[in-house]
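Thanks, everyone, for making the time this morning. I would like to walk through one model with you, beginning with its sheet and then turning to some of its helices and to single residues.

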Amino acid sequence: MYDIIDAHVHTYPTSAIGLQATGGMNMSGCTGTVQELLALMSVGGIDKAAMMNMTPVADMREAALAAGKGPPDDIARQMIERMKRRNDWTCQTAREQPSLVPFISLDPSMGPEDAVAEVHRCRQQGAVGIKLHPSSQRFNPDDPNLWPVYAEAESLEMPVLSHGGFFPADPEASEFSRPRAFARILEAFPKLRFVLAHMGQGYIDESLAMAGRFANLHFDSSTVITGTVYPPSISDEEAVALVRRFGAERILFASDWPWFHPLRDLERIETLALSDSERRLILGENARRVMGI
Ligand SMILES: [Zn+2]
């Protein structure tokens, strides 16, 4: 027996909000509520799930501007307030359900002082890590406004998980999340606990090259090995070979629920021809170590 941790899920306060956020793309058949997630975790014996809750600040800001909802500065401020309320909700949810691990959202448009203040504010509420989505939020991850956040995360041993690689909703914005976009950060902060989601999907070779350069770079398995539609696009043999090219100690099991289905994902990892120790690392030990949970 070993711990099972799903390193990347999303949760929403209501079914309606979850359905809107996933835009009907939720292949799991779930809408993203905490109750649905807890029920799946109990069936699958999943001990913990890390909530990568984020707020699409750029999209909301542009929609509000286009609708003429007020002066740009006011709108920008309002969107950051909404992001902070969502961070509050995520931390609150995790306090009520200790099997859920809260990651908070930040945006460089906050400015460096406010971003660091938000890290501290949320940490007091129990936040474990930081989730970034450079493609959805349309920012460069090495934006100078985020530099103090990485420094703080490194010294607090707070993990950072970012969307990695291709972004289907806005392919041009994939550039912001491709593996090499994080190189300067990983170089400057060699102890930062960093997870690139989706193994940098669409740029796997770049991810592998980066993994060779940076010992603190980890990956989550979703959309490549797990967190996929079934049957997955790579065979079991290819999946095992890929795990071994990265090293099993670098890969965190993740479903990206409610987009995909953690129980089917668990089944996939169970059926791959991995050694017991590789499976243990992927399913839980890596997340425990990297996320400090
Ligand atoms: Zn996700």
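What follows is a short tour of this model, with the definitions given as they come up.

Please keep in mind that this is a predicted model, in which local features need pLDDT of at least 70 and side-chain atom pairs count only at pLDDT 80 or more, while totals for chains, interfaces and linings use all residues. Residues are numbered from 1 along each chain as its sequence is written.

Let me begin with the sheet. It is an open sheet of eight strands in the order β1-β2-β3-β4-β5-β6-β7-β8, with parallel pairing. The edge strands are β1 and β8 (251-252), each of which pairs on one side only. On terms, helices (H or I, at least four residues) and strands (E, at least two) are DSSP runs numbered from the N terminus, and two strands pair if DSSP finds at least two bridges between them. As general background, the strands of a sheet pair through backbone hydrogen bonds, either parallel or antiparallel.

Now to strand β3, residues 100-105. Six of its six residues are buried, so β3 is largely enclosed by the rest of the structure. By buried I mean that 20 or more other C-beta atoms lie within 10 Å of the residue's own, whereas exposed means 12 or fewer and partly exposed is in between, with C-beta atoms placed from the backbone. Both faces of β3 are covered, with Leu100, Pro102 and Ile104 buried on one side and Val101, Phe103 and Ser105 buried on the other. β3 runs parallel to β2, to which four bridges join it, and Ala49 stands opposite Leu100 there. With strand β4 (residues 129-132), β3 pairs in the parallel sense over three bridges, and here Phe103 stands opposite Gly129. Together with helix α5 (residues 112-124), β3 and β4 make a right-handed β-α-β unit; right-handed means that, with the strands pointing away from the viewer, the path from the first strand over the helix to the second runs clockwise.

What does Met51, which is found in strand β2, touch? Leaving out residues up to four places away in sequence, Met51 touches Val9, His10, Thr11, Thr90, Ala94, Leu100, Val101, Pro102 and Phe103, where contact means that the two C-beta atoms, placed from the backbone, lie within 7 Å. Met51 is buried, with 28 other C-beta atoms within 10 Å.

Towards the other edge, strand β6 (residues 194-196) and strand β7 run parallel and are joined by three bridges, with Phe194 opposite Leu217 in β7. The chain crosses from β6 through α9 to β7, and this β-α-β crossover is right-handed. Both faces of β7 are covered, since Leu217 and Phe219 on one side and His218 and Asp220 on the other are all buried. Two bridges join β7 (residues 217-220) to β8, again in parallel, and Asp220 stands opposite Leu252 in β8. The path from β7 to β8 goes through helix α10 (residues 236-246), and this β-α-β crossover is right-handed.

Helix α9 (residues 204-213) contains Glu206, and is that residue buried or partly exposed? Glu206 counts as partly exposed, with 17 C-beta neighbours inside 10 Å. Its contacts, not counting residues up to four places away in sequence, are Arg178, Pro179, Arg180 and Gly200.

Two further helices are worth a look. In helix α2 (residues 34-44), the buried residues are Leu37, Leu40 and Met41. They cover an arc of only 100° around the axis, which puts them on the same side of α2; the arc is that of the directions from the helix axis to the C-beta atoms. On the other side of α2, Gln35, Ala39, Ser42 and Val43 are exposed. What covers the buried residues of α2 includes β1 (5-9), β2 (48-52) and α11 (262-271). After α2 comes Gly45, whose phi is positive, near 70°.

Finally, helix α12 (residues 276-291) has a kink of about 55° centred on Ile282, the bend at a residue being the angle between axes fitted to the seven residues ending there and the seven starting there. The buried residues of α12 include Ile282, Asn286 and Val290. After α12 comes Gly292, with a positive phi near 65°.
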